[in-house]
Amino acid sequence: MGREIKDLEEYVHFLETVLDHLSEAVYIGDENGKIIFVNREAERMDHLSRKYVIGRNENEVYGTENGKLVAGSGQPIVDERTSYRTDEGRLKYVLHSVYPFYHKNEIKGNFAISRDITREDKYIAKIYELQQELKAEHREANKNGTRYIIDHIIGKSVAMITAITMAERAGKFGTNVLICGETGTGKEMFAQSVHNCGLHRNEPFVGINCGAIPENLLESILFGTEKGAFTGAQSQEGLFESAKNGTLFLDEIDSMSLAMQAKLLRVLQEKSVRRLGGKREIPVTCRVISATNINIDHALETKKIRLDLYYRLSSVVLQIPPLRERNKDVLLLAQEFINRFQDIFGTHVKGLSSEVADMFLNYDWPGNVRELEHVIEGAMMVVGEHDEEICPRHIPERIYRDRDTDRVDLPKARSNIDLARETAEFERGIIQKVLRENRGNVTAAAKSLHLHRNVLYRKMKKYGIER
């Protein structure tokens, strides 16, 4: 027996030596997610010693439960991209696979193999950035400042078909259009599509977000300036002149002050503009399309938009429905985004798993189409090379966190209690408090909370907490 034990120890030592000479990081865990071995590359890649890691739970050290998930289901995770922060705060990207370990037909644990692809992902990101720039240049050269036409708008719900039909009709005439819709519904896409349906589609489309420009600059940007109007001012045309016979798009029109709205109203009434410091009236021939992301009736009642300006801007009102009110369009849009990112990231994903499709249909999408696009983009960045579907582990937790709670008919006395949300809010408050006490020092805060720095970073990201 003694010789057998010695042989076994030598054999284990031999295997550990082999694993220590691999260029990939290797992690071994038991069926409960406890780490029982990491090789030298794992120590180097994660900047964590074996003494610290071995014996701890995977979630405690790395903020994930992939090993436990694989050991429980028996289903491996193959070539999945993920990211984390090192103790120095550096963001790392890895490609990892997790496999179940069987002994006598029973799962006894799991092992993971990871490869640092930070440099590769940086190259991919740069290629993606260059691709986007090339596409933008191509669109700018061919569309005079626009990227979208009416055919780019996707939707089969009644509300969307109505909005698309009205946009196409409004585009054929030179009338002013007011677009109403929540953030992320695609108001600028509609504005550009209206422009490209018109007779002056070859003229410039000029857009500006009124809420992003300081009040003292907005007037000169819109109307232009004459030399000497103020210190350093040069003669320069404003956006009304730049738009020529095309379209001027004013986003977040409700963010304009009432005084600025009065000046805009004068331009629309007189169909002429006078530059700051100038005396000459310059004819205005462009169409004005404006947009707001707040309820228009509320904006008028609270006097955020002047009533007389509203009448000038709203010859046609396009109401863009939020994504939660066009449920049948969710899967249609998701597939469109999958197809779009397919070539960029070089994946083999064909669509959503049935479980993710169900999650998407039961989620409210507060960020609307923009949020859906970002969720798909994020998923396409982390799917494995052989994955053909987007699965629950590829999407943010918020998409499915409360779906089961929402479907259960709770007793009336407890109907207003959401345990998951209450727990999350409590944890968020504790983290914020400890970060404040440590003046934003993540390392010190993690030590106070008895968490590894990587785990704390993940929780901060999850709850949207900034230092």
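# A walk through the predicted chain

Of the 467 residues in the protein chain, 42% are buried. This is a predicted model. Color by secondary structure first: the chain has 20 helices and 16 strands. Now consider the contacts in the chain with a separation of 6 or more. Residues 24 or more positions apart account for 63% of them.

**Stop 1: strand β6**

Select residues 177-180, which form strand β6. Show the side chains. Which residues lie on each face of β6? Val177 and Ile179 sit on one side, Leu178 and Cys180 on the other. All four are buried, and both faces of the strand are covered.

Next, add residues 287-292, strand β13. β6 and β13 run parallel and are joined by 4 bridges. Center on Cys180 to find Thr292 of β13 opposite.

Then add residues 316-319, strand β14. β14 also pairs with β6 in the parallel sense, over 4 bridges. Pick Leu178 here: its bridge partner in β14 is Val317.

**Stop 2: helices α14 and α16**

Select residues 330-345 for helix α14 and residues 368-382 for helix α16. Two packed helices are described by the angle between their axes and the distance between the axes. Here the axes come within 9 Å and cross at roughly 40°. The two helices are therefore oblique to each other. The crossing of α14 past α16 is right-handed.

Show the side chains of the contact. On α14, select Val330, Leu333, Ala334, Phe337, Ile338, Arg340, Phe341, Gln342 and Phe345. On α16, select Val369, Leu372, Glu373, Ile376, Glu377, Met380 and Met381. Color them by class to see 12 nonpolar, 1 polar and 3 charged residues.

Stay on α16 and zoom in on Asn368, which belongs to this helix. Its phi is near 60°, a positive value in a residue other than glycine. Most residues other than glycine have a negative phi. Is Asn368 buried or exposed? Asn368 is buried, because its relative accessible area is 0%, below the 20% cut-off.

**Stop 3: His47**

Jump to His47, in the loop between α2 (40-46) and α3 (50-53). His47 is another residue other than glycine with a positive phi, near 55°. Turn on the surface. His47 has a relative accessible area of 40%, so this residue is partly exposed.

**Stop 4: helices α9 and α11**

Select residues 215-223 for helix α9 and residues 258-270 for helix α11. Their axes come within 11 Å and cross at roughly 10°. That makes α9 roughly parallel to α11.

What makes the contact between α9 and α11? From α9, select Glu215, Leu218, Glu219, Leu222 and Phe223. From α11, add Met260, Lys263, Leu264 and Val267. By class, the contact of α9 with α11 has 6 nonpolar, no polar and 3 charged residues.

**Stop 5: helix α20**

Finish with residues 453-463, helix α20. Which residues of α20 are buried? They are Arg453, Asn454, Val455, Leu456, Tyr457, Met460 and Tyr463. Step past the helix to Gly464, which follows α20. The phi of Gly464 is positive, near 70°.

Key:
Residues are numbered from 1 along each chain as its sequence is written. This is a predicted model: local features need pLDDT of at least 70, side-chain atom pairs count only at pLDDT 80 or more; totals for chains, interfaces and linings use all residues. Side-chain values use heavy atoms; hydrogens and water are left out. Buried means under 20% relative accessible area, exposed over 50%, partly exposed in between (1.4 Å probe, protein chains only). Two strands pair if DSSP finds at least two bridges between them. Axes are lines fitted to C-alpha atoms, for helices over the stretch in contact, and angles run from 0 to 180 degrees between N-to-C directions. Angles under 35 degrees count as roughly parallel, over 145 as roughly antiparallel, 65 to 115 as roughly perpendicular and the rest as oblique. A crossing is left-handed if the near helix is turned anticlockwise from the far one by less than a right angle, and right-handed if clockwise. Contact means heavy atoms within 4.5 Å. Ala, Val, Leu, Ile, Met, Phe, Trp, Tyr, Cys and Pro count as nonpolar, Asp, Glu, Lys and Arg as charged, and the others, Gly among them, as polar.
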